[in-house]
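Trainee: I am new to this structure. Could we go through it together, asking how each label is earned?
Mentor: Yes. Here it is.

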There are 2 protein chains.
Amino acid sequence: MSTALLTDHYELTMAQAALHAGTASRRSVFELFGRRLPEGRRYGVVAGTGRFLEALADFTFGPEEIDHLASHRVVDDTTLDYLKEYRFGGSIWGYAEGDMYFPGSPLLIVEGTFVEAVILETLALSIYNHDCAVASAASRMTSAAGGRPCIEMGSRRTHEWAAVAAARAAYIAGFSSTSNLEAARRHGIPSGGTSAHSFTLLHDSEEAAFRAQIESLGKDTTILVDTYDVAGAVERAVALAGTELGAVRLDSGDLVAQAHEVRAQLDALGATQTRIVVTSDLDEYAIAALAAAPVDAYGVGTSLVTGSGAPTAGLVYKLVSRADDSGTLINVAKESKDKASIGGRKYARRALDENGLARGELVGIGEEPGGPGDLDLLVPLVHDGDIVGLEPVEAARDRHRERLAQLPRKSRRLSKGEPVIPTVFVDEHPDPSLVLRH
Amino acid sequence: MSTALLTDHYELTMAQAALHAGTASRRSVFELFGRRLPEGRRYGVVAGTGRFLEALADFTFGPEEIDHLASHRVVDDTTLDYLKEYRFGGSIWGYAEGDMYFPGSPLLIVEGTFVEAVILETLALSIYNHDCAVASAASRMTSAAGGRPCIEMGSRRTHEWAAVAAARAAYIAGFSSTSNLEAARRHGIPSGGTSAHSFTLLHDSEEAAFRAQIESLGKDTTILVDTYDVAGAVERAVALAGTELGAVRLDSGDLVAQAHEVRAQLDALGATQTRIVVTSDLDEYAIAALAAAPVDAYGVGTSLVTGSGAPTAGLVYKLVSRADDSGTLINVAKESKDKASIGGRKYARRALDENGLARGELVGIGEEPGGPGDLDLLVPLVHDGDIVGLEPVEAARDRHRERLAQLPRKSRRLSKGEPVIPTVFVDEHPDPSLVLRH
């Protein structure tokens with residue numbers, strides 16, 4: 001299925017005007033970055049890279065797309081002829097998926113002709129702004145959960161396809177599984193789930209519902225115990241499944257108090273291995289508040305898929321350099337006071353201290369400083385039109401864990417604060433050790 | 001393309017357990033509703049109905065879906081056999097798209113066997129929670145804009161397919177057009193757009209960029225004037241296009257002050273018909289603040305597609321009634337203190353006063369009160385499996401305008417407040433005129 005019309009109208013009218021003016025083929029460099037993190041966030045998490053590369057492979061204008069553009073006179077015939085043949089033939093570098101990012105980090109650098117690069121703007125931003133927002137929230141949640149598993153179950157609270165992408169982003173940022181079957185099929189994420197209140201209410205008694213569930217799904221199932229009376233439900237569940245009962249789920253009320261009560265009850269019944277799953281409107285703060293409670297897993301929905309207060313990452317896609325008629329690249333930037341950007345094609349490195357902890361994000365133009373042990377953050381994603389950066393989602397998940405471990409401990413604080421490491425813009429002649437002392 | 005796996009895992013395990021227990025075919029009624037509006041909102045806007053009906057038509061488990069479920073052992077063979085034959089064969093009633101809703105309004109009533117109705121939960125909620133959130137925000141924006149057109153341009157700030165649905169929801173709630181080409185193709189919404197800052201920066205001078213745009217797109221185009229210096233850009237644009245210049249766009253800075261300055265400049269240059277479009281991080285409050293400024297159109301992005309602070313509508317899907325073994329329908333409801341619901345199959349009417357203004361939402365079970373002139377809010381959407389409720393998106397857009405005009409004026413206030421009309425839950429023996437006096 002073509003992704004080419006998931007694009008703002010003006011990308012194509014710009015293409016038309018540039019084709020007309022003879023500037024369409026000027027070599028151009030675009031950068032995808034954020035001017036700031038959401039308020040109070042210590043770091044952002046890169047997600048969407050794999051989805052973007054897959055969407056890029058499908059970014060072609062077939063007969064149906066051309067028909068729409070022609071019949072609605074979006075662009076002229078010259079532009080339609082160009083679009084019919086369009087395949088991105090340039091090169092893209094980017095932060096690897098699962099890595100962290102900070103204000104000014106160049107998450108993507110897209111180089112090609114002006115037209116081939118500009119018309120990717122909308123699609124690239126849609127994917128990155130959504131997936132980074134979810135992954136960034138998810139990372140705070142998995143940090144707050146310590147080693148306890150977090151289950152993604154927010155599908156119902158967001159657009160049906162955003163849900164699939166959200167499950168993927170959450171998995172990269174450390175969630176253990178998802179409720180979403182399409183995410184399981186498409187991205188290979190473990191899926192799970194057992195029953196809702198409606199299942200209990202369907203039956204003539206709670207006991208009948210529990211028996212039906214245990215007989216069909218096995219004793220290791222998770223029983224939802226808050227439809228009527230929690231203590232009674234726990235007793236009934238253990239009476240039916242025995243001490244092999246897999247888990248009980250709490251979905252309402254005072255979760256801290258209930259978790260303690262239910263744990264004591266389960267233990268008294270001999271069900272010491274039965275786990276407690278909690279799932280009621282959790283966010284990273286609620287998860288942290290449950291740290292001392294005997295909870296075995298967290299199910300997170302709404303706040304995850306809506307980015308826990310920051311439903312979009314606020315990333316932008318800007319032209320930073322383009323050729324003139326002689327082919328010389330010229331750095332460019334808008335001058336608006338409140339939306340300034342920095343011209344020039346960037347490099348990005350993460351400076352590490354002697355303990356291997358990150359101490360600064362070096363973003364600059366010109367020659368790279370190349371400190372010993374620093375991380376080179378830009379990896380090749382597309383080379384002359386060939387997609388070279390696809391990797392399994394597990395690789396991004398592993399990277400997230402490793403790169404997060406390299407951030408200073410205060411990165412895990414949930415309170416509002418500054419980015420955990422500074423972004424240092426290095427000009428042509430860098431001396432990062434000096435700059436970082438500021 | 002099948003929509004069947006856009007579903008939470010537990011819907012299918014519940015199906016398995018109910019099939020096993022012999023309760024799967026119990027006649028059941030589910031209700032989709034919100035316990036409350038987002039904080040401070042005066043009303044919600046129903047959107048997603050048409051998308052839900054289209055998705056329902058594609059909700060079938062084909063070989064690929066069955067393969068995934070079988071190979072991952074999501075459900076047993078008996079359930080797979082059931083799912084292979086699955087088509088929703090029940091009936092659905094709902095609020096008509098574009099109408100308003102309030103706490104407790106039954107946006108959908110889904111009646112069928114337990115299994116055929118329960119497995120629609122995730123998909124229905126995903127669509128309604130997203131689309132209602134966007135439409136509800138959009139309605140506040142179009143109200144704040146008075147008669148001035150609002151242009152949807154938030155695609156880049158949300159998931160790439162959520163963007164398409166957001167454009168549709170915004171159009172229903174009064175937006176005039178979208179930047180999103182897929183929304184134009186798929187839903188017939190007018191699309192538009194001309195150029196971004198990158199187009200100006202591509203060229204050797206702003207004048208060269210403006211000339212290229214005007215020559216290719218015509219004098220009626222919209223010129224972006226804030227890349228360097230606004231006054232200089234306005235002068236250049238009029239010098240090139242003459243007084244027939246279509247519009248100028250401001251995308252940064254103090255929009256109120258700039259709109260006045262640019263209007264004065266345009267008028268002084270004789271370009272009295274040239275419009276001013278503003279587009280910088282607008283929400284309903286910023287739009288209201290520009291009411292007295294000489295602005296001709298608003299472009300809205302981020303805050304629209306993220307629901308202006310309420311990115312999900314918080315709607316839920318609950319079993320409210322189901323048959324017992326004798327076939328008698330029994331009203332059911334969960335008893336949890338903080339998430340209680342009201343059992344029973346609902347009717348919903350909007351009581352109007354003598355001026356035709358809404359004075360209350362009557363939601364009840366049992367016999368309908370049927371006051372003179374009241375609106376019956378539930379329309380048939382699916383009849384015994386046949387989709388009967390599809391309508392053009394224009395019909396929903398027209399309905400939104402009409403129904404909004406029936407709300408008391410304070411519905412248009414942007415300040416936080418209570419729902420503009422009360423929801424009155426009427427029990428078996430209604431006397432609405434009495435109840436409404438409270």
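Trainee: Which residues lie nearest the centre of the largest cavity?
Mentor: This is a predicted model, to begin with. Nearest the centre of the largest cavity lie A:Thr158, A:Val305, A:Pro311, B:Thr158 and B:Pro311. They belong to a lining of 16 residues.

Trainee: What makes the largest cavity a cavity, and how much space lies in it?
Mentor: A 1.4 Å probe fits in a cavity but cannot get out, which is why the word applies. About 160 Å³ of space lies in this one. The structure holds 4 cavities of 30 Å³ or more.

Trainee: How does the lining of the largest cavity divide by class?
Mentor: It has 6 nonpolar, 8 polar and 2 charged residues. A:Val305 and A:Pro311 lie nearest the centre, and Val and Pro count as nonpolar. Thr is not listed as nonpolar or charged, so A:Thr158 and B:Thr158 count as polar.

Trainee: What surrounds the second largest cavity?
Mentor: Its volume is about 60 Å³. The lining includes A:Pro38, A:Arg41, A:Tyr43, A:Cys132, A:Ala133 and A:Ser136. Helix 6 (residues 121-144) of chain A gives the most, with 3 residues.

Trainee: Why does the lining of the second largest cavity have 1 charged residue?
Mentor: Arg counts as charged, so A:Arg41 fills that class. The others divide into 7 nonpolar and 3 polar.

Trainee: Now chain B. What makes strand 13 and strand 18 edge strands?
Mentor: Each pairs on one side only. They end an open sheet of 7 strands, in the order 13-12-1-5-3-17-18, with antiparallel pairing.

Trainee: How do you know that strand 3 and strand 17 of chain B pair?
Mentor: Pairing needs at least two bridges, and these strands have 4, so they pair. Strand 3 covers residues 91-95 and strand 17 covers residues 378-383, in the antiparallel sense. B:Tyr95 stands opposite B:Leu378 in strand 17.

Trainee: What packs on that sheet?
Mentor: Helix 2 (residues 49-57) of chain B does. It touches strand 3, strand 5, strand 17 and strand 18. The direction of helix 2 makes about 15° with that of strand 17.

Trainee: Which strands form the open sheet of 4 strands in chain B?
Mentor: The order is 16-14-15-19, with mixed pairing. Strand 16 (375-376) and strand 19 (423-426) are the edges, as each pairs on one side only.

Trainee: How many bridges join strand 14 to strand 15 of chain B?
Mentor: There are 7, and at least two are needed, so the strands pair. They run antiparallel. B:Leu352 has B:Ala358 as its bridge partner in strand 15.

Trainee: What does B:Gln406 touch?
Mentor: B:Gln406 touches B:Leu352, B:Gly356, B:Leu357, B:Ala358 and B:Leu375, leaving out residues up to four places away in sequence. Contact means heavy atoms within 4.5 Å, so each of these five has atoms that close to B:Gln406. B:Gln406 itself lies in the loop between helix 15 (393-405) and strand 19.

Trainee: How far is B:Gln406 from B:Tyr43?
Mentor: They are 363 residues apart in sequence and 12 Å apart in space, C-alpha to C-alpha.

How values were computed:
Residues numbered from 1 in each chain as written. Chains lettered and ligands numbered in written order. Predicted model: local features only at pLDDT ≥ 70, side-chain atom pairs only at ≥ 80, totals over all residues. Heavy atoms only, no water. Axes fitted to C-alpha atoms, helices over the stretch in contact; angles between N-to-C directions. 1 Å grid on protein atoms, 1.4 Å probe; cavity = no way out; pocket = protein on both sides within 12 Å on 5 of 7 lines; lining within 4 Å. Points joined across faces, edges and corners; volume = space filled by probe spheres on them.
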